[in-house]
Amino acid sequence: MRHFSILEHLAGQLNPLCRVLSLDPAVPHDLLAGLLGPHGTRSLTDPPAWPSDVADDHSPVEFSVAFTDAEPPSLRILAEVPGATPGIEANTEAAYAFLAANATRFGLATARLDAVRDVFKTSHPAGGFALWCSLVFRHGREPEFKVYFNPEVAGVGRAPELVEEALGRLGLRDSYRTMLARSIRPGDLGRRDRLSFFALDLHDGPQARVKLYVSHHEADAADAARAAAVVPGVVPGEVAAFCRAAGGGGRFDRRPLVGSYTLVGGAGRPVGYSVYVPIRDYVDDDLEARDRVAAVVAQHGFSTALLHRCVAAVSRRPLGAGVGLIAHVSLRLGLPRPGVTVYLSAEAYEVTPPRSVWVPAA
Ligand code: TRP
């Protein structure tokens with residue numbers, strides 16, 4: 001019997017996702033193949049080329065669908081580009097090569113990337129990754145590219161200093177200091193509150209952003225609400241309500257709640273905020289996750305029918321037969337595009353069994 005390759009598996013999810021979202025799959029498919037490079041033909045019966053943290057089962061890619069008011073939902077792909085002989089440094093080089101190969105065709109703006117990339121370069125990278133890429137496909141537009149640096153790449157303790165250096169070079173130090181002062185629980189920086197991602201848009205539009213992510217371990221909805229309050233226009237109660245609706249109301253004592261801050265020049269403080277609930281740790285199975293996500297999608301005025309079709313495009317099993325297909329759900333507030341995003345795992349290598357299996361009495 002012939003087994004699927006990783007590219008075939010992922011393309012088999014990407015194509016129906018594009019169909020559901022009325023996107024032409026040609027460019028997304030080309031870029032997906034480019035992300036995987038020569039590893040795309042690797043059989044799924046072999047272990048992943050690299051145990052990426054992009055997804056729980058080490059799939060190199062995670063899909064997400066972003067609902068927003070102003071335009072049809074967009075499709076996003078988060079990926080770790082595996083190097084020829086994968087490793088953190090080889091993957092970073094491969095990511096830069098992928099970007100360079102697409103820079104002209106898609107008009108990538110790399111001035112900000114060039115300004116900070118050496119800040120996050122170290123000879124002995126710590127943690128699970130150094131650089132990830134993501135692609136955003138919007139209706140009727142060229143794809144947008146983003147990169148995610150690991151602020152803890154030189155060790156957890158050095159993350160605040162690396163981020164300060166990078167943001168200083170981009171003229172964003174004031175926003176950063178305001179955010180730190182207001183959004184980190186006292187004494188918890190590098191402990192329960194960790195700087196987890198530093199993201200840059202590779203375009204020059206008015207909506208080009210720098211985003212800083214903070215992971216709040218052992219937090220509750222009220223902690224997220226407090227952390228969000230530094231952003232003008234954000235209603236803290238809305239953040240708390242979302243965390244409770246998506247997370248089930250308890251404390252987030254498994255995977256952390258994550259917040260991200262959108263930084264733009266001249267503002268002095270962040271202008272946008274998103275909260276990411278790692279819903280897969282707080283449900284028994286994906287049926288429960290899907291129902292919770294459908295409730296928040298509906299509550300924010302988006303189409304649950306479209307959500308169900310996106311989930312169906314990616315899933316290869318009954319929703320009750322596993323947990324983690326729906327990995328995160330996020331709420332975006334403020335600039336540039338408020339809305340809800342649903343993160344869908346490829347599950348190319350593994351399905352996490354559901355947490356509670358009902359066994360009938362004998
Ligand atoms: N898989 C990792 C995690 O869950 C990284 C990741 C992928 C992530 N998509 C994400 C983190 C969305 C926050 C939000 O931490």
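## Close-up views of a predicted model

**View 1. His58, a residue in a loop of the predicted model.** With a relative accessible area of 29%, His58 is partly exposed, because a residue counts as partly exposed when its value lies between the 20% under which residues are buried and the 50% over which they are exposed. His58 sits in the loop that runs between helix 2 (26-36) and strand 1. The backbone of His58 has a phi near 70°, which is a positive value in a residue other than glycine.

**View 2. The whole protein, shown as a setting for the other views.** The protein contains ten helices and ten strands. Its radius of gyration is 20 Å, close to the 21 Å that the globule rule gives for 362 residues, and therefore the protein is as compact as a globular protein of that length. Measured out along the principal axes, the C-alpha trace spans about 60 × 45 × 40 Å. Of the 362 residues, 56% count as buried, and the accessible surface comes to about 14,800 Å², with 54% of that area belonging to carbon and sulfur atoms. Among contacts with a separation of 6 or more, 70% are made by residues that stand 24 or more positions apart. The side chains include 37 positive and 39 negative ones, and the centres of these two sets lie 3 Å apart.

**View 3. Ser64, a buried residue of strand 1.** Ser64 belongs to strand 1, which covers residues 61-68, and its relative accessible area is 4%, so Ser64 is buried. Leaving out residues up to four places away in sequence, Ser64 touches Ser74, Leu75 and Arg76, and it also touches Thr341, Val342, Tyr343 and Leu344. For one of these residues, Leu75, the separation from Ser64 is eleven residues in sequence and 5.9 Å in space, taken from C-alpha to C-alpha.

**View 4. Tyr148, Tyr213 and Tyr276, three residues of one aromatic cluster.** The count of aromatic pairs in the protein comes to 16. In the pair formed by Tyr148 and Tyr213, the ring centres are 6.1 Å apart and the planes stand at 55°, so this pair is tilted. The pair links distant parts of the chain, since Tyr148 lies in strand 4 (residues 144-149) and Tyr213 in strand 6 (residues 210-216), with their positions 65 residues apart in the numbering. Tyr148 and Tyr213 are buried. Tyr213 also pairs with Tyr276, where the ring centres are 5.5 Å apart and the planes stand at 35°, so that this pair, too, is tilted. Here again distant parts of the chain are linked, with Tyr213 in strand 6 and Tyr276 in strand 8 (residues 272-277), 63 residues apart. Tyr276 is buried, as is Tyr213. The aromatic cluster that holds these residues is formed by Phe129, Trp132, Tyr148, Phe197, Tyr213, Tyr276 and Tyr343.

**View 5. Helix 7 and the elements that cover it.** Helix 7, made of residues 221-228, is mostly covered, with six of its eight residues buried. The buried residues of helix 7 are Ala221, Asp223, Ala224, Ala225, Ala227 and Ala228. What covers them includes helix 6 (173-183), helix 8 (236-247), strand 6, strand 7 (257-263) and strand 8.

**View 6. Glu218, a residue in the loop between strand 6 and helix 7.** The relative accessible area of Glu218 is 42%, and Glu218 is therefore partly exposed. Its phi is near 50°, a positive value in a residue other than glycine.

**View 7. Ala289, a buried residue of helix 9.** Ala289 is placed in helix 9, which consists of residues 286-299. Its relative accessible area is 0%, so Ala289 is buried. When neighbours within four places in sequence are set aside, Ala289 is in contact with Ile279, Val283 and Ile326. Pro51, by comparison, is 238 residues from Ala289 in sequence and 25 Å from it in space, C-alpha to C-alpha.

How values were computed
Residues numbered from 1 in each chain as written. Predicted model: local features only at pLDDT ≥ 70, side-chain atom pairs only at ≥ 80, totals over all residues. Heavy atoms only, no water. Helix = DSSP H or I, 4+ residues; strand = E, 2+ residues; numbered from the N terminus. Rg over C-alpha atoms; globule rule 2.2 N^0.38 Å. Buried < 20%, exposed > 50% of the residue type's maximum accessible area, 1.4 Å probe, protein only. Contact = heavy atoms within 4.5 Å. Areas by Shrake-Rupley, 256 points an atom, 1.4 Å probe, with all protein chains shown as cover. Lys, Arg positive; Asp, Glu negative; His and termini not counted. Charge placed at Lys NZ, Arg CZ, Asp CG, Glu CD. Phe/Tyr/Trp six-rings, centres within 6.5 Å; stacked < 30°, edge-to-face > 60°.
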